[in-house]
Amino acid sequence: MGNGVGSEWIRLIVGLVVVLAFSQLNALFLVWLERKVAGHIQLRPGPKEVGPFGLLQTIVDGIKLVGKELITPRPADRKLFMVAPVLVFMPVLVGFLVLPFGPDMIIRDMNIGVLLVFAFSTFGVLAILAGGWASNNKYALLGAVRSVAQNIAYEIPLLLSVMSVVLMVNSMTFSQIVNSQQSIWFIFLQPVAGLIYLICATAETNRAPFDIPEAESELVAGFHTEYTGMRFGLFFLAEYTNMFIVSAVATSLFFGGWQGPFGFSLGIPGVVWFLVKTYVLIFVIMWVRWTFPRIRFDQLMNFSWKVMIPLSLANLLVTAVVIKLI
Amino acid sequence: MAEKFQEPVVDQIYTLNLGPQHPSTHGVLRVLLDLDGEFIVKADPVIGYGHRGHEKMGENRTYKQFMPNSSRMDYLSGMIYNHGYVLAVEKMAGIQVPERAQHIRVICSELNRISSHLLWFGTYVMDLGGFTPFLYAFDDRERILDILDRVSGSRLTYSYCRFGGVSRDVDVEFIEMTRAFVKRLRSRWSDYHNLVTKNIIFIHRTRDVGVITKEQASQYGVSGPNLRACGIGYDVRKAEPYENYDQFDFEIPIGEKGDALDRYKVRLEEMEQSCRIIEQALDKLPKGPVMAEKVPANVKPPKGDLYFAFESARGLTGYYLVSDGATTPYRLHIRVPSFGNLHVLVEVLKGTLMADAISILGSVDVVIPEIDR
Amino acid sequence: MPKTDEVVQKLRAMLPEDAVCADEAYKAGVAFSVLAPLGKLRDAARLFNEAGFFLETITGLDFQDTAELVYHFNCYEPKSRVAMRVLCGHDQVAPTVSDVYASAMWLEREVHEFFGIRFADNPDLRPLLLPEDADYHPLRKTFGKVNAYRKREEIYG
């Protein structure tokens, strides 16, 4: 863009402001989208009273949440209890720094972009554990422990499938990965990796059918049982923002990022392509949530360790062999 | 330094309260679970939160006044309980019921059975995490409630039957609505089977989960679809036919293993058989009066006792009436199927995982207020 | 009803002359009605268990001169219910059948809390439906509003 250090600072600040604004608006929008999608799948309209098509429903709900009393249980570990919701939101925001929204619309095009996103997303697990432990509640602890086990188990095949793509492109820079999908999207070259990534992404964000840590009928509400008011709101919003991040990463890695099909942009700006693809993926994730029942915890772990990991390892091996041969 | 650390926690059994306030609603049930990690070592249900004293009320009300009570014990099979109570008193007092009324009562009871199973289906899959089939099942159930509302005046707890018949005749629209409903329900089976029965996650959560053996079933007095899923084909409508059930041609679905998946399949198949009964009853519906003549305003059955059994949506239900010749019963005892169905879980839940406990509790279809009476 | 006939034969052998009455027409909902003395209760229950019957329900009746326990046994064949009546004085202790039939654990708890009849050797006689600290027996005819308190012969002759 510009020249000199000054323009770099301006770019950084503008990027920061845009990221914060965008992430909040996006979270609000996604909550509305989830309720509408859920409603229509369940033969009912969803929110429609507040604002046109119920669009203002989330804002009103947010205001209501802010007005609620913030209760801290007396035997809880106060510092950890209050830190946990903040801790869960921060790493998600960091992920926005490296996402390729358009050809020149990356805040910081780091050469370890992919690594950054996944390194920071693991922080979220720490926050969940902190929240569950600090609540001093058997249900919350059970939920947090399950969440940690689930996240660790599904992190491995997630990273392995991403490694297959990185191996093909020979770089971890997002812009390079997107650029090399000009002729053909990687989803067609690496369908197994793409599917594994999508499944593991659903598990990483604790969405159904992998939502044992939070929406268990018997565990009340899992690790965020004892959280009230806006603290609960933070956990809630962090989940939706996380969903956006993993979908955006999937778009960049497998679905061509901001490129149109076969490189033809058809006159539509790159950022629109990117957002459309991301939101379609988010819609698919939501669709899956309202269709399937929940997997039992031990079946979930079996699935990861006995099916996903061997599959993704095999995929990586095959990719390496094919690259060597070509 | 070493004193600051606690003893290593080895084999510590902790007690968890599956409390009276429960997201997976079956009524107000509290189960004290002793857990070893995630495995259940002991399960002790605590009931009685909904005890209203129906049996004591039975001794202080005339036979007609007790009619609303009968619906409110198991509110999901309200019509069937109503029907059974009326049949018990009619048998004791020797009141004959005209044919048209018999057919109407059978149609309404079977509609009630379908609506109870639909509600069970929706809530069971919701307990397992699939929220959507609940709304589809309730969509179908609303139609039944509309049909029964038209003819009896209430949606859930009916007092439609009277000693000697029914309170109000049905019109042509009732018949047409019921036929349309049966046709629509049959078209939904494929949806339910594709969405739930063939879903691999659902199958993994229910196959070989919560197996009730035949011995356990016999020891605890399990009845209804739970018993039939174990492989014992006992249905009161076939074993002790009441009303005119022996005129209708229907089958009793029987399972094999007695696990949650079998219980699920048996109930779904039972709904289809109920549709068959309804269709046959509608085809054979004769003209005539719907109320017997000369039924006394205050029924006074002769001295003695009677045990009348019928098949509610949950299983073998019985009214045990002891009469001393007065207008109020001397003793009115109700044998409820959920009593045995819940009691058997004390044994079945041992050694299962916590997550399976919810699946098992849901699959035996217990309604706590009928245990509490 | 072959199973029922078998069991009734053995019962007739064990009990006094007129203890067993048949009800061919199934008028009272039972094929046979048996009046057993308190001491033979457990043996009779064992007979039913060996014949493959299940315990349907236990209930109590409160009369002026005596209390009565009514056991209903049933098996999975058509029209085979057998009622067993046991007269038990107001202050007598009845033997338990919970080691023969597991369902009797809860059924006896219910009869105990509503009628005050104690069952010997039942390991757990906590109230089932009433609160834990209930010290009243609601279904007795000396509790609350009661319409009639009769002697047994007024009803059963």
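Two residues are in contact if their C-beta atoms, placed from the backbone, lie within 7 Å. The exercises below apply this and other definitions to a predicted model, in which local features need pLDDT of at least 70 and side-chain atom pairs count only at pLDDT 80 or more, while totals for chains, interfaces and linings use all residues. Residues are numbered from 1 along each chain as its sequence is written, and chains are lettered from A and ligands numbered from 1 in the order in which they are written.

**Exercise 1. Contacts between chains**

Determine which chains share the most contacts, and describe the side of chain C that touches chain B.

Solution. Step one: there are two pairs of chains in contact, and chains B and C share the most contacts. Chain A and chain C do not touch, since their nearest C-alpha atoms are 24 Å apart.

Step two: the contact between chains B and C draws 31 residues from chain C and 37 residues from chain B. On the side of chain C, the largest share, six residues, comes from β3(C). Strands such as this one (E, at least two residues) and helices (H or I, at least four) are DSSP runs, numbered from the N terminus.

Step three: by class, this side of chain C holds 18 nonpolar, seven polar and six charged residues. Here Ala, Val, Leu, Ile, Met, Phe, Trp, Tyr, Cys and Pro count as nonpolar, Asp, Glu, Lys and Arg as charged, and the others, Gly among them, as polar.

Step four: the contact of chain A with chain B takes 20 residues from chain A and 23 residues from chain B. Helix α13 (residues 297-325) of chain A gives the most to the side of chain A, with three residues. That side has 10 nonpolar, four polar and six charged residues.

**Exercise 2. The sheet of chain B**

Establish the strand order of the open sheet in chain B, and trace the partners of β2(B).

Solution. Step one: three strands form this open sheet in the order β1-β2-β3, with antiparallel pairing; two strands pair if DSSP finds at least two bridges between them. β1 (14-18) and β3 (39-46) of chain B stand at the edges with a single partner strand each, so one side of each is left without a neighbour in the sheet. Neighbouring strands are turned by 25 degrees against each other on average, direction ignored.

Step two: five bridges join β1(B) to β2(B), and Y14(B) stands opposite L35(B) in β2(B). Seven bridges join β2 (residues 30-36) of chain B to β3(B). L35(B) has I40(B) as its bridge partner in β3(B), and R30(B) stands opposite V46(B).

Step three: β2(B) and β3(B) form a hairpin with two residues between them, and G37(B) in the turn has a positive phi of about 70 degrees.

Step four: in a regular strand the side chains alternate between the two faces of the sheet. In β2(B), the covered face carries V31(B), L33(B) and L35(B), whereas the uncovered face carries R30(B), L32(B), D34(B) and D36(B).

**Exercise 3. The sheet of chain C**

Give the strand order of the open sheet in chain C, and identify its edge strands.

Solution. Step one: the five strands follow the order β1-β2-β5-β4-β3, with mixed pairing. Step two: β1 (20-22) and β3 (54-62) of chain C are the edge strands; each has a single partner strand, so one side of each is left without a neighbour in the sheet. The twist averages 20 degrees from one strand to the next.

Step three: β4 (residues 67-74) and β5 (residues 82-88) of chain C run antiparallel and are joined by seven bridges. E68(C) has L87(C) as its bridge partner in β5(C).

**Exercise 4. Two helices of chain A**

Decide how α9(A) and α11(A) are oriented to each other, and list the residues that form their contact.

Solution. Step one: α9(A) and helix α11 (residues 229-254) of chain A pack at an angle of about 170 degrees, with their axes 10 Å apart. Axes are lines fitted to C-alpha atoms, for helices over the stretch in contact, and angles run from 0 to 180 degrees between N-to-C directions.

Step two: angles under 35 degrees count as roughly parallel, over 145 as roughly antiparallel, 65 to 115 as roughly perpendicular and the rest as oblique. The two helices α9(A) and α11(A) are therefore roughly antiparallel.

Step three: α9(A) contributes G194(A), Y197(A), L198(A), A201(A) and E204(A), and α11(A) contributes V246(A), A250(A) and F254(A). This contact has six nonpolar, one polar and one charged residues.

Conventions
Buried ≥ 20, exposed ≤ 12 C-beta atoms within 10 Å, placed from the backbone.
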